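Dear colleague,

I am passing on the structure we spoke about, with the sequence alongside. Please open it below, and then read on for what was found in it.

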Amino acid sequence: MPARLRIEKLVYGGDGLAHHGGATVFVPFVLPGEEVEVDLAERPAGVFRGSVVRRIGDSAGRSAAPCSVFGKCGGCHYQHIPYDRECEFKAAILRETLRRIGGLTWEGEIGIESAEPWGYRNRTQLHLGRNGGRPSVGFLAPRSHRHVEASECPINAPRLNELHRKLREMTRERRLPGSIRSIEFFVSGDQAQISLPGRRGPLPRKFRTWCADGLDVNRPGAPVDCPSGPDLLRVSGRSFFQVNRFLVARLAELATRGARGRLALDLFSGVGLLTLPLARRCSTVYGVDSSKAAIGDLRANAARAGLPVQAVRMGVADFLRGFAGRPSLIVADPPRAGLGGQVVEEILRLAPPELRLVSCNPATLARDIRSLRAGGYQVESIRLIDMFPQTYHIESLVLLRRH
């Protein structure tokens, strides 16, 4: 029998939180204050996940989702929330996570940087499956590998949706090999980069021909050029780059604004989104990343900009352990796993007066901040940069200074 719950708040991960019989329940696609009937599925440690059977009373703040597969596709979590409210919820989740995990009770403002919440993504992964026995193109359902057919995605850039439509036509005409299960597109302007996720080595020759004939892309896997402020950044197929085409330059400007000093380190530098602006402001700048592709792009981008950057391909912890300089500033944009204990330990040893952290995971950010505060740093400002509208993902920028 379905359980009747009242949603208390939204939590990181896209769900609403409720309680039932002393147990915690996570429910997707709801709003605080709503009453719902849910089917319960028990998870480890006595936690339940609920799927909504019926909403008894909708929140006055609920809006209609523009996407026909919202709730079926696993890509978006917040299309039922007006965008200004979504940003407010994310700021509250960030504040609560910093307190609960990081021990930081932040009473100051969390500045919010936002832009157009639709059509912003420059990268997408399309999955090929079957629907009623015929080939189809779409996405994956939440927490599963079940195929969900879709004709477009409202958060994808128009060029991505154009490629999506062309790929559907190719599958209907059976012009793609059956061995291909997913295709990733990355676009910048009229340029498009195509890759096959998980595949190593060059793309099959036939696939290149299909791309040229059906998708009007003549060089699958070739780098594309992405603008960011005064810079034009080469991004290769295996290099990381931010997905929000409207906010990428704003992130770079905020993360490097007012930077100055003799020596700066850009850790997890990628292709140089933050490294190049730092090199215009600081005398010596090191960009450090373990990715061969990203460091190759960084060197090419620094050369094109005429900037003297020390590009180092090495794990960040290994680089810091062997580094003897005293940086004026460290900027870090780590993956979802965060800085981690070894990197934090080395940062504390180097003791830069200023540290700027870009994070896409508030939980690991909170953990790192707890360790940095214990080592003598104070949080000076926090910004939420909403790089992922309609989703639960939270990008933030935190400025810390040493006592």
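Nine helices and 21 strands make up the secondary structure found in the chain, and please keep in mind throughout that this is a predicted model. The radius of gyration of the chain is 23 Å, which is close to the 22 Å that the globule rule gives for 403 residues, so the chain is as compact as a globular protein of that length. Along its principal axes, the C-alpha trace spans about 65 × 60 × 35 Å.

Two further values describe how the chain is packed. Of its 403 residues, 52% count as buried, and among the contacts with a separation of 6 or more, 62% are accounted for by residues that lie 24 or more positions apart.

One helix pair was examined in detail, namely α1, which covers residues 83-100, and α9, which covers residues 362-374. These two helices pack with their axes 8 Å apart and at an angle of about 40°, which makes α1 oblique to α9, since that angle is neither under 35 degrees nor within 65 to 115 degrees. The crossing of α1 and α9 is right-handed.

As for the residues involved, α1 contributes L94, T97 and L98, and these meet P362, A363, L365, A366 and I369 in α9. By character, the residues of this contact divide into seven nonpolar and one polar, with no charged residue.

With best wishes

How values were computed: Residues are numbered from 1 along each chain as its sequence is written. This is a predicted model: local features need pLDDT of at least 70, side-chain atom pairs count only at pLDDT 80 or more; totals for chains, interfaces and linings use all residues. Side-chain values use heavy atoms; hydrogens and water are left out. Axes are lines fitted to C-alpha atoms, for helices over the stretch in contact, and angles run from 0 to 180 degrees between N-to-C directions. Helices (H or I, at least four residues) and strands (E, at least two) are DSSP runs, numbered from the N terminus. Angles under 35 degrees count as roughly parallel, over 145 as roughly antiparallel, 65 to 115 as roughly perpendicular and the rest as oblique. A crossing is left-handed if the near helix is turned anticlockwise from the far one by less than a right angle, and right-handed if clockwise. Contact means heavy atoms within 4.5 Å. Ala, Val, Leu, Ile, Met, Phe, Trp, Tyr, Cys and Pro count as nonpolar, Asp, Glu, Lys and Arg as charged, and the others, Gly among them, as polar. The radius of gyration is taken over C-alpha atoms; the globule rule is 2.2 Å times the number of residues to the power 0.38. Buried means under 20% relative accessible area, exposed over 50%, partly exposed in between (1.4 Å probe, protein chains only).
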